Amino acid sequence: MRATTEQDRSPSPLFPVSATTTYRRPKATVDPDTSKSWWKRFIPIVATRRVPFIAALVFSGISLVLQVLIPNLLNQAIDRSIVTPSVPLSHYVTEIIWIAVAAGIVGYLSRWLLFRTAYDFEYDVRNLLFEHMSLLSFSFYDRAQTGQLISRANSDIRSIQLYTTFAPMILVQCAVAVVAFGFMLSISVPLALIAMATMPVLFWIGVRMRKVMFPISWVIQARLADVATTVDESINGVRVIKSFAREGRQVNTLADASEKVAWSYTKDADIRARYTPAIQNLPQISLVLVLIFGGIMVINGHLGIGAILAFNAYLVILQAPFMMLGMLVMMGQRAAASADRIFEILDVEADITDRPGAVDLVVTEGTAAFSGVRFAYGDGPDVLHDFTINIAEGETLALVGRTGSGKSTAAKLLMRFYDPTEGSVSIDGHHLRDVTVASVRNQVGIVLDEPFLFSATIAENIAYGQPDASREAVIAAATAANAAEFIDKLPQGYDTVVGERGYTLSGGQRQRIAIARTLLVNPPILILDDATSAIDVQVEQSIHEALHELLDKRTTLIIAHRLSTIALADRVALLRDGTVVAIGTHESLMASNDEYRSVLAAIESPVEESI
Ligand SMILES: Nc1ncnc2c1ncn2[C@@H]1O[C@H](COP(=O)(O)OP(=O)(O)OP(=O)(O)O)[C@@H](O)[C@H]1O
Ligand SMILES: [Mg+2]
């Protein structure tokens, strides 16, 4: 959000000069067919980068084939230039040098292209995941753990990326191993078969390792996410933790989570320690076999001495893919586990979406109506039922009720954060289900009781909904929210950067900035959910006066726990257990409704004590 300074722009080898903040939307998304295996579901994304990807594989194949040619030349050089000199040695030497140089250049190209594709793939998956998360509805975030989401966006994507880089490379190496085997066969069929004798065993060990590794890789990723969750909670909840002096407990929780990570990594290392040496050393047995049988063949004159040297070099080439196959198996397990965790998010469907053919809501009058609404969070009990209210054009309606009676829930339904299970919510007679989600959110403004501020300047926070707003508009909104005075007193005024979540401000100051932020957008319908709870009564009074002046035709839904706030409303609706039990002016309810009086007395007294 901060403007780039001269210093930021100065070219530096570590700072990509061409980096921009524009979002390049991935050209493809994952295959939605959940019955497919994980890597097949990623194919559409890889396919958008097929040119560099295939080029990388082709180059990598060429480079390996060139390398495979070298032992064969070595064989010929020894037999034809050294043992029985018929060709000058320099011929083979220059040939080998040229092939090595060519293999080097092609190898460079292949790696460059492959890594580039892999990082682009990682970029795409991360963007897809984040974009998808940004579209998910509140019902998802009500359950989601931040740490889990962060770890999925980081380490899980990375492990899939690693696999997409290495798997094709290793597969190409395997293909080249076949070529190498072909060369070995052309030199000596029996010796080639003997040299390959240990390879099936290697393969079998790889398969066994795959079986044991899978569960543990899954556990590792899950435990890492637990650590991230604990760290996230310890940082975000630091004020609560410190106020209860429970730092020790948090440290223990983290230690516990890290110990579990350490345990699973140890288990992982244990399995690897058992299998890797076998995988690495089995090829040495092949070498011994080649030495024995090849040696006997050379002694008996059935084979040139160069062949043994060439076989030796071929075994080294063959060894690599077989050894890497083990690593590939391990990475594959991890990538599969990570992919599962990423699909767990990508496969969640947003439940609040635009229905086909939805039109934009244009508020002309500003009436709002709840009719026969029933609503429950997830599979929980009904929070609202038989909920019916009609809010007239320009009216200010207050919702009053004991805590948990469903006031905030009603407000969230008017924002279409959720859809009602039964009945309908409508604005100007349009059902919210029939209009676009964005248009509802653009025209209904809400100020929540826990204002979230971004770690940016105050002006940027106020202009969050309208980043191109002029400074005058920002100041006007701040003035209406009664925030201008305290902002002017800050050292950098509107350019003061508020700490993360605005913790450098007082609760009341944060609330006023949140009100200014919503007022700047000037929504025709406004919801204040306990938005002034941390502001004293006089300041609150002047905010409401300013609100009236700004737009007296604005329809407003106020949720408040204070008599002073409630008294501002034209009408008051009394809620009990998710249903409206009485509605009328404050005075008439005070005069006629015992329950209303008792609810107000109950909610008012603690406030009065605190004043
Ligand atoms: N995201 C959620 N997921 C599940 N249940 C929820 C969620 N939010 C609220 N509830 C439940 O819904 C009920 C109504 O909550 P709501 O926030 O609407 O109450 P309220 O009237 O605004 O209370 P308060 O005056 O304390 O703000 C409560 O029982 C609460 O536990
Ligand atoms: Mg509430």
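Arg-441 counts as partly exposed, because 17 C-beta neighbours lie inside 10 Å; on this scale a residue is buried if 20 or more other C-beta atoms lie within 10 Å of its own, exposed if 12 or fewer, and partly exposed in between, with C-beta atoms placed from the backbone. The model is predicted, so local features need pLDDT of at least 70 and side-chain atom pairs count only at pLDDT 80 or more, while totals for chains, interfaces and linings use all residues. Residues are numbered from 1 along each chain as its sequence is written, and chains are lettered from A and ligands numbered from 1 in the order in which they are written. Arg-441 belongs to helix 13 (residues 437-443); helices (H or I, at least four residues) and strands (E, at least two) are DSSP runs, numbered from the N terminus. From Arg-441 to Leu-129 the C-alpha to C-alpha distance is 23 Å, with their positions 312 residues apart in sequence.

Leu-129 leads to a helix pair, as one of the residues through which helix 4 contacts helix 6. The axes of helix 4 (residues 89-135) and helix 6 (residues 146-187) come within 9 Å and cross at roughly 150°. Here axes are lines fitted to C-alpha atoms, for helices over the stretch in contact, and angles run from 0 to 180 degrees between N-to-C directions. The two helices are therefore roughly antiparallel, a label for angles over 145 degrees, with under 35 counting as roughly parallel, 65 to 115 as roughly perpendicular and the rest as oblique. Residues in contact have C-beta atoms, placed from the backbone, within 7 Å. Among those taking part are Phe-115, Phe-121 and Phe-130 of helix 4 and Leu-149, Ile-157 and Met-169 of helix 6. By class, the contact holds 13 nonpolar, 3 polar and 4 charged residues; Ala, Val, Leu, Ile, Met, Phe, Trp, Tyr, Cys and Pro count as nonpolar, Asp, Glu, Lys and Arg as charged, and the others, Gly among them, as polar.

Turning to the sheets, 6 strands form an open one with mixed pairing, in the order 6-7-8-3-9-10. Strand 6 (444-447) and strand 10 (579-584) each have a single partner strand, so one side of each is left without a neighbour in the sheet. From one strand to the next, the twist averages 20°. Strands pair if DSSP finds at least two bridges between them. Strand 3 (residues 396-401) runs parallel to strand 8 (residues 555-559) over 4 bridges and parallel to strand 9 (residues 571-576) over 5 bridges. Leu-399 faces Ile-559 in strand 8 and Ala-573 in strand 9. Of the 6 residues of strand 3, 6 are buried: Thr-396, Ala-398 and Val-400 point one way, and Leu-397, Leu-399 and Gly-401 the other way. Strand 7 (residues 525-529) also pairs with strand 8 in the parallel sense, over 5 bridges, and Leu-528 has Ile-558 as its bridge partner. Helix 17 (residues 507-521) lies across strand 6 and strand 7, at about 175° to strand 6.

A second open sheet has 4 antiparallel strands in the order 2-1-4-5. Within this sheet, 5 bridges join strand 1 (residues 368-376) to strand 4 (residues 422-427), and Ser-371 stands opposite Ser-424. Helix 12 packs on this sheet by touching strand 1, strand 2 and strand 4, with its direction at about 115° to that of strand 1. Helix 12 (residues 407-414) also lies across strand 3, strand 6, strand 7, strand 8 and strand 9, running at about 150° to strand 8.

Conventions:
Contact = placed C-beta atoms within 7 Å.
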